[in-house]
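The exercises below go through the sheets, the packing of helices and the contacts between chains. Work each task on the structure, then compare with the solution.

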There are 2 protein chains.
Amino acid sequence: MDFSSFVTSLTTSFVIFLVLMLLYVWLSRRPGNNVVYYPNRILKGLEPWEGPKSRNPFAWIGEAVSSTEADVISMSGVDTAVYFVFLSSVLAILVLSGLVLLPVLLPVAATEKMKSNINSTSSGNFSNLDKLSMGNIPNRSPRLWAYLIGTYWVTFVTFYILWKGYKHVSDLRARALMSPEVKPEQFAALVRDIPQDPEGRTRKEQVDSYFKTIHSETFYRSMVVTDNKQANKIWEELEQYRKKLAHAEAIFTASKTAGKPEGTRPTNKLGFLGLVGKKVDTIDYCNEKINELIPKLESEQKTTVTEKQQAAAIVFFNSRLAAASAAQAVHAQMPDSWTVTEAPEPRQLLWSNLAIKYYERKIRQSIVYVFVALVIFFYMIPIGFISAFTTLENLKKLLPFLKSIINIVQIKTILEAYLPQIALLVFLALLPKFLMMLSKAEGIPSEAHAVRATSGKYFYFTVLNVFIGVTVGGTLFSTFKTIEKQPNKAVSILGTGLPANATFFLTFVALKFFVGYGLELSRLVPLIIFHLKRKYICKTEAELKEAWAPGDFGYGTRVPNDMLIITIVLCYSVIAPIIIPFGVVYFGLGWLILRNQAIKVYVPSYESYGRMWPHMHSRILASLVVYQITMLGYFVLKEFVYTILLIPLPIFSIFFAYVCSGKFYRSFSSTPLEVACREVKEIPNMESIFRAFVPACLRSEKFDDGDQFEDALGQFSRTGSLSI
Amino acid sequence: MDFSSFVTSLTTSFVIFLVLMLLYVWLSRRPGNNVVYYPNRILKGLEPWEGPKSRNPFAWIGEAVSSTEADVISMSGVDTAVYFVFLSSVLAILVLSGLVLLPVLLPVAATEKMKSNINSTSSGNFSNLDKLSMGNIPNRSPRLWAYLIGTYWVTFVTFYILWKGYKHVSDLRARALMSPEVKPEQFAALVRDIPQDPEGRTRKEQVDSYFKTIHSETFYRSMVVTDNKQANKIWEELEQYRKKLAHAEAIFTASKTAGKPEGTRPTNKLGFLGLVGKKVDTIDYCNEKINELIPKLESEQKTTVTEKQQAAAIVFFNSRLAAASAAQAVHAQMPDSWTVTEAPEPRQLLWSNLAIKYYERKIRQSIVYVFVALVIFFYMIPIGFISAFTTLENLKKLLPFLKSIINIVQIKTILEAYLPQIALLVFLALLPKFLMMLSKAEGIPSEAHAVRATSGKYFYFTVLNVFIGVTVGGTLFSTFKTIEKQPNKAVSILGTGLPANATFFLTFVALKFFVGYGLELSRLVPLIIFHLKRKYICKTEAELKEAWAPGDFGYGTRVPNDMLIITIVLCYSVIAPIIIPFGVVYFGLGWLILRNQAIKVYVPSYESYGRMWPHMHSRILASLVVYQITMLGYFVLKEFVYTILLIPLPIFSIFFAYVCSGKFYRSFSSTPLEVACREVKEIPNMESIFRAFVPACLRSEKFDDGDQFEDALGQFSRTGSLSI
């Protein structure tokens, strides 16, 4: 890629971004779009924005910048606040690195008059940008000292910022857990791997007697996990008919115009996709179905809670301290049974995974790990080829009909600039759902945990495949011909190929932040979908609400994508320091736009009180180690004798990771008693805590009819009826 | 070593063993020696032996064999019982392996007519024994299949026995911890890393308020760890004068013979070693010193408990369940402060290590690890030379005056057989105390833990240096000349050297079991020392008791020594299966003799409820992995194409270790609540539990004077006086 196509890439990216931002400013001021641009505020019962109606078009920037961490926590939870700590930590690392590296290393490289020993082999491929990189420094030059010190500087800046970040997040987590609000999950513990009962009691009796013996004074009651598959199926069918009924009734009401006061009753066909079969009156049909399903659901609920009890349970304690203490202790003499852990929030429980036994979990985990390792390994080959093949020349050969378009100069330049990057982005977009599925198959009990597991897999995937694959693959491919002629020069060519790839990654980063964040801010896709749905599909309030539901932040893919950028920027930070400003813009812009989205748009679907942080922390460190090893290899290629001074760096990183995990990690993996012992605001209503964990499909339909579940689930004296 | 010197070695070993055993039978029947041969029974208040006085001389064998595990536990504790599980597990592994390997592999090797391709280079060194080993099988022979299957057999036998052993020990441990006896350490927890108090309270107030907040209902009281160095010094001096006084009084009483009823008052000189200086009356002098030291000790005790409080404490709970639960929970938000762990027994607390802070411990640990690694690495070189140099030829050259003795045929044969082994044994005897010192320097809080740490270090040392050092070093040295001539033959020579070394290890094992266990049984050294002391030094009952104090089992060195034998026998089990019977005799004889010692002689100095087992388990597995890798290398040297089938074995071993640690380990590292919640026999006397932890030097001298320590240590209302 030459310099002009790089500038074109930057400029078009920036123009797209500007257009998208202006679109946002214009669209977000129209009241009809409020539910798309301010759903989080609306759901919390706030006005879309504060202050006068006709406000400054760029007020959102001010709002984002002036919002405090406390605002973020109250609007979007601790997990989101932790994500911003992550963004600002990375930003701080890059700014602090850049402040030293840019003014020092760029002049060092630019003032070097490169001998043309390598230019001669790769005739003219060397761009202006590459002259500012370490590739421009000749081998064994004393100028390499500056780069060596730069490598140390980046390392220690990272340590310092990460240490501060961990401390801060640890405080955030503790403060959230100490909050006087009653949160059901803080009074519960999850019990798995309940062994076969030798005395033939029901699971319920077994669990109750076990915990009454050990926690005689703090145990409140237990809820045995049941196999809800059947009940869930019936319940979902029922819900579907209810929605259909509401929809049909809305249509019926709307058809009662002045001209036709009796209206038209909607009808539908029963066959395939509503296209064939008997024609029925929808309202009557749905009513009939609902009346049929309610008793079916009730009897299935009864069967489920009495006969489908499984080897897991949720146990409730009458204080947070007791629950936190129980969740940290080994209960059974054989620790592979009666595993007690902290309960996740009810909304994020993966109910069907709870009953999976210890050894099955371990086996599932091993299989998933091996499988993911294979996927990572075998995807590296095609990815290497993507970056090499998606050039215009190859495209012209493969798709000759595009020739006439491609030959227009502007389009050609743009395509040349973006094609490899777009191919890469599309490729990466296919993966996360697949990895999430795999993570859930491991037998993980909660959504948040599954997201962390997915994020880890995705991180290894992106770093190994994209970064290493593109660097090594691209370099090898572009220099393949040269190697063919002079195989003994392969090593020195690889050395120059690494900084040459910097421009590829510069464009990649620029594309991501300008176009990606532009789309994020403008929310064009959700906006269009919402308006289409509102116009053609939605008839009831509930349907409308569903149409604008903003979804959550999506950490599972957001964090690894950011991590990829961090890895790229860190690895090139010393080799081609010009990448640092791009990284700063990426994370700065990201911080600004996501802050806006966090306080106005997204609604978190779970809260894990910052448990994502240790993963972010250790993955930034992993990136740092990749960076350090890259630098080590690169200095070796430069034949610099003091390269040996870089060997302690990866050891420092591992030691730092070890110290941090010793100092902080345990208070993330479990709740410290010091934190759990804070008083709650009011005497907790244990009944409602218990009910918060009853899955939707097992909740009673009628208010008075709750006793049977009460008795079956709780086997306690009746203290009130079970409500939805 | 040729075949005749091997037989000589075996025969002499066996004769020595027989002599020692007969000595034991004779000596142990003399009542005057009872305190040497039955101290454990005597200290427990039992008769030296049950049944008629003039019993069968070999009754001890019957007694050892018929003693049950419960007998061992009641006489010597759970740790000793676990050691016997270790011995019998190893015995079972070897017997089960031998039952298949010996009848199959020996004929396979013996019926092979070896081509003389290797014999030609090492002319005649090949002994008869070596013909029974795998070295006798030519390369690429299909007979190697038998050895490959043998390798698998040994592996799976080990897995099976270890799994059963772990389960059994886990039950033993749980049963001991569930015992209704009140044990002080089960009601206490050790608190370390207490942070600086921001409110300026005393440590005592800080600890009390912290634990009262968190464990409001179960916290009983706390004991802050103090710096006792000064108090301890005074107390030891006082004890010394008390002993001296008792000794002098005994001499004085003895001197009151019928002829001289007033007696002679003993005197001593005050100067260097009692040889110079002023002559004083010993009784008066000691009384004077004691009266001087008692108030000094009391004032120092007062200062210690009020002013020398440190950042650690022992916290007492009013139930075992509460203590077990507290010891497993993270208390502080920053887990590097307020570290709560299970309290060790009072008698094995390493008081001076308790106050060492988290980071200091980590740093000490790192330094010790690096240092031990260096020691292990640099000792390997001299050890390699020991086995090569301690031959008679070298000795003759170095010490020419020995020539005349050495040339006598019998002596020559004996020396030739034993010299390298004795050198090795002496060398190994120097190390354990040094490693124990290093382990304690890590900041470990209890004696049992320090012993485990020492045992680990000693294991790595012996396995790496002795086994690998001797094998590789010995082989290289003996074949050095051949290599000089034909360097490309080095690899095949190493391959034949491995089985050739088998005879060295055969003699080593034989020497260890016959002579080592003979000495162990006969207790010749303690017997002689005891009789000398009784005759010339001891005057009082207390001195006599001290003279025959049997000491404890000494796991720290015993286990790694056994582990070395296991490693050797496992590694040669397939290469030279003839070693298996030697291993069986070693562990069989060891089991028999140590069973006798356990129930009659040794008095355990601590009880860790089998926490040694996970270490034994993982080290047997480590030996197994060494064995598997040795076999892999050896099969490669044999150019056997199906060697690849051995690659899964180490992976299986690591997986097995992982599964076992998941299934069992946590109930060893902490007490499961299910176990801790068992009722105790009587309502525990919390006062006496508290007092059990008061160190000897801080105990009050007078019964009524205990209040000050009571107040200072406990700061509780006075419930009784502190007794010694």
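## Exercise 1: the sheet of chain A

Task: give the strand order and pairing sense of the open sheet in chain A, then its edges.

Solution. Step 1: in chain A, 4 strands form an open sheet with the order 2-5-1-6 and antiparallel pairing. Strands here are DSSP runs of E of at least two residues, helices are runs of H or I of at least four, and both are numbered from the N terminus. Two strands pair if DSSP finds at least two bridges between them.

Step 2: strand 2 (219–226) and strand 6 (339–342) of chain A each have a single partner strand and stand at the edges, so one side of each has no neighbour in the sheet. From one strand to the next, the twist averages 30 degrees. Angles run from 0 to 180 degrees between N-to-C directions, with axes as lines fitted to C-alpha atoms, for helices over the stretch in contact.

The model is predicted: local features need pLDDT of at least 70 and side-chain atom pairs count only at pLDDT 80 or more, while totals for chains, interfaces and linings use all residues. Residues are numbered from 1 along each chain as its sequence is written, chains are lettered from A and ligands numbered from 1 in the order in which they are written, and side-chain values use heavy atoms, leaving out hydrogens and water.

## Exercise 2: what pairs with and packs on strand 2

Task: how many bridges join strand 2 of chain A to strand 5 of chain A, and which helix lies across strand 1, strand 2, strand 5 and strand 6 of chain A?

Solution. Step 1: strand 2 and strand 5 (residues 309–317) of chain A run antiparallel and are joined by 6 bridges. Within this pairing, A:Arg221 is opposite A:Phe316 of strand 5.

Step 2: helix 7 (residues 203–214) of chain A lies across those four strands, strand 1 being residues 188–192, and runs at about 150 degrees to strand 2 of chain A. Helix 9 (residues 282–307) of chain A also packs on the sheet, touching strand 2 and strand 5 of chain A, at about 85 degrees to the direction of strand 5. Contact means heavy atoms within 4.5 Å.

## Exercise 3: the sheet of chain B

Task: describe the open sheet of chain B and a helix lying across strand 1, strand 5 and strand 6 of chain B.

Solution. Step 1: chain B has an open sheet of 4 strands, order 2-5-1-6, paired antiparallel. Strand 2 and strand 5 (residues 309–317) of chain B pair over 6 bridges, and B:Met223 is opposite B:Ile314 in strand 5.

Step 2: helix 10 (residues 320–328) of chain B lies across strand 1, strand 5 and strand 6 of chain B, at about 130 degrees to strand 6.

## Exercise 4: the interface and salt bridges

Task: what area is buried between chain A and chain B, and how many salt bridges cross the interface?

Solution. Step 1: 40 residues of chain A contact 40 residues of chain B. About 3200 Å² is buried, 57% of it from carbon and sulfur atoms; buried area is the accessible area (1.4 Å probe) that two parts lose on being put together, summed over both.

Step 2: the interface has 2 salt bridges, a salt bridge being a side-chain nitrogen of Lys or Arg within 4 Å of a carboxyl oxygen of Asp or Glu. B:Lys663 forms a salt bridge with A:Asp336, with the closest N and O atoms 2.8 Å apart.

Step 3: over all chains the structure holds 42 salt bridges. One joins A:Lys681 and A:Glu181 (3.3 Å, N to O), residues 500 apart in the chain.
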